[in-house]
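Let's take a walk through this structure together. Have the sequence at hand and keep the 3D view open while you read.

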Amino acid sequence: MRSDQDRIFFEIWISQNMFSKLNEVESRYEQVNLALQKPDVASDQKQYRKLMKELSDLERVVSVYRDYKKKQATLKENKELLTAESDNEMREMIKEEIRDLEKEVPEIEQQLKILLIPKDPNDDKNIILEIRAGAGGDEASLFAEELFRGYGYYATAQGWKVEMVSWSDGNVGGAKEIIASISGESVYSKLKYESGVHRVQRVPKTESAGRVHTSTVTVAVIHEADENEVKIDMKDIRIDVMRSGGAGGQSVNKTESAVRVTHYPSGIAVHCQEGKSQGMNKETAFKILYAKLQQIEEDRVRKEASDARLEQIGTGDRSERIRTYNFPQTRITDHRIGLTIHQLNEVMSGKFENLIDPLIAHFQAEALKKQTGAS
């Protein structure tokens with residue numbers, strides 16, 4: 001435990017370090033702005049897009065930092081005005097503005113600390129979502145479909161695009177396996193913590209005695225990989241084409257448009273049947289294969305890392321039971337952060353932000369503690 005004096009010095013050091021970084025960010029922002037105005041940069045589309053992306057990322061920090069500096073300057077001016085002002089009515093107005101600013105400035109400072117957390121380079125990427133029925137038989141298949149539908153509602157509310165890749169029907173409805181791609185702004189940053197085992201507790205429709213059963217589904221969220229990130233030797237690939245099977249109530253293709261791509265070294269086989277053409281399904285299958293091979297490599301590097309906490313932040317280990325959906329009590333519990341909410345119906349209707357936003361805030365706080373060295 002730090003003494004009060006140690007704590008004060010530590011907080012001053014953190015503050016100075018933070019503002020040093022913020023000044024560097026602002027300086028880099030100006031440099032990029034100037035670079036974008038040069039003719040040779042404007043004519044190089046690859047370089048231009050790269051700098052525009054960097055400018056956009058920097059601008060989010062710089063705009064908040066400049067707002068912070070402006071409010072700090074206004075706060076200082078108001079305090080000086082207060083000492084010189086003799087009119088009581090004016091003094092009350094100045095005091096009220098000072099109170100508002102003294103509340104806003106620390107909030108913006110906390111926001112700046114979060115903005116300085118090193119960004120996950122995959123946050124802006126699209127994802128492959130895989131949902132599979134686990135323990136619980138038919139009930140697990142039914143919940144797999146319901147969970148996918150809930151994610152679909154959430155994705156629509158976010159303005160994302162959901163495209164089905166493959167669907168394997170359950171015995172009495174639902175789905176044994178669902179694979180879909182989700183594209184849009186910052187998809188991975190919002191959904192990356194959904195990977196893991198989702199447990200459902202409810203009375204199945206076939207249960208005459210009214211007993212609550214427990215079932216599970218597994219969710220995997222895999223960010224897309226660029227082709228240049230993963231090397232595939234086509235000699236290690238087998239491509240099979242076939243006629244599509246049932247697809248969750250959608251029309252079945254009459255032609256042999258379904259594609260299965262098998263990668264011998266890893267043993268990964270990707271089946272894609274939802275596209276309208278064989279070529280489209282083949283392209284999608286390879287996109288998923290690239291993503292899975294990239295994740296295997298990332299998992300290998302992560303396991304070799306010496307920092308155990310780094311492994312836990314943002315990995316979404318799919319073998320971990322992360323959440324329980326208790327239907328009789330309309331309760332959802334996220335076991336990673338000890339969060340319990342009684343909003344099950346709302347979440348299953350697409351209000352996943354009720355779970356996702358607290359998760360993001362928690363892992364940001366963990367990352368902030370790690371960055372500042374706080375205990």
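What follows goes from the sheet to one of its strands, then to a loop residue and some aromatic rings.

Keep in mind that you're looking at a predicted model. A good place to start is the open sheet, which is built from 8 strands. Reading across, you'll meet them in the order β2-β3-β1-β5-β4-β9-β10-β11, and the pairing is mixed. The two edges are β2, covering 161–169, and β11, covering 339–341; each of these strands pairs on one side only. From one strand to the next, the twist averages 15 degrees.

Now look at β1, residues 127–133. Is this strand enclosed or open to the outside? Of its 7 residues, 5 are buried, so β1 is largely enclosed by the rest of the structure. Its sheet partners are easy to trace. With β3 (residues 175–183), β1 pairs in the antiparallel sense over 6 bridges, and you can find Ile131 standing opposite Ile178 of β3. With β5, β1 also runs antiparallel, this time joined by 7 bridges. There, look for Leu129 opposite Val221 in β5.

Next, slide along to the β10 and β11 end of the order. Strand β10 takes in residues 331–334, and its pairing with β11 is antiparallel, over 3 bridges. One spot to zoom in on is Thr333, whose bridge partner in β11 is Thr340.

Back to β5, which spans 213–223: follow the chain into the loop that leads on to β6 (237–242), and you'll come across Glu224. Why does Glu224 count as buried? Its relative accessibility is 16%, and the cut-off for buried is under 20%. The side chain of Glu224 makes a polar contact of 3.4 Å with the side chain of Lys287. Setting aside neighbours within four places in sequence, Glu224 is in contact with Lys125, Asn126, Ile127, Ile128, Lys287 and Ala291. Ile127 and Ile128 fall within the 127–133 stretch of β1, so this loop residue brings us back to the strand we looked at above.

Finally, switch on the aromatic side chains. Searching the whole structure turns up 9 aromatic pairs. Which residues do ring pairs link into a cluster? They are Tyr151, Tyr154, Trp160 and Phe352. Another ring worth a look is Phe327, where Arg202 lies over the face, 4.7 Å from the ring centre.

Definitions and conventions
Residues numbered from 1 in each chain as written. Predicted model: local features only at pLDDT ≥ 70, side-chain atom pairs only at ≥ 80, totals over all residues. Heavy atoms only, no water. Pairing = 2+ DSSP bridges. Helix = DSSP H or I, 4+ residues; strand = E, 2+ residues; numbered from the N terminus. Axes fitted to C-alpha atoms, helices over the stretch in contact; angles between N-to-C directions. Phe/Tyr/Trp six-rings, centres within 6.5 Å; stacked < 30°, edge-to-face > 60°. Lys NZ or Arg CZ within 6 Å of the ring centre and 35° of its normal. Buried < 20%, exposed > 50% of the residue type's maximum accessible area, 1.4 Å probe, protein only. Polar contact = N/O pair within 3.5 Å; in protein donor to acceptor, adjacent residues only side chain to side chain. Contact = heavy atoms within 4.5 Å.
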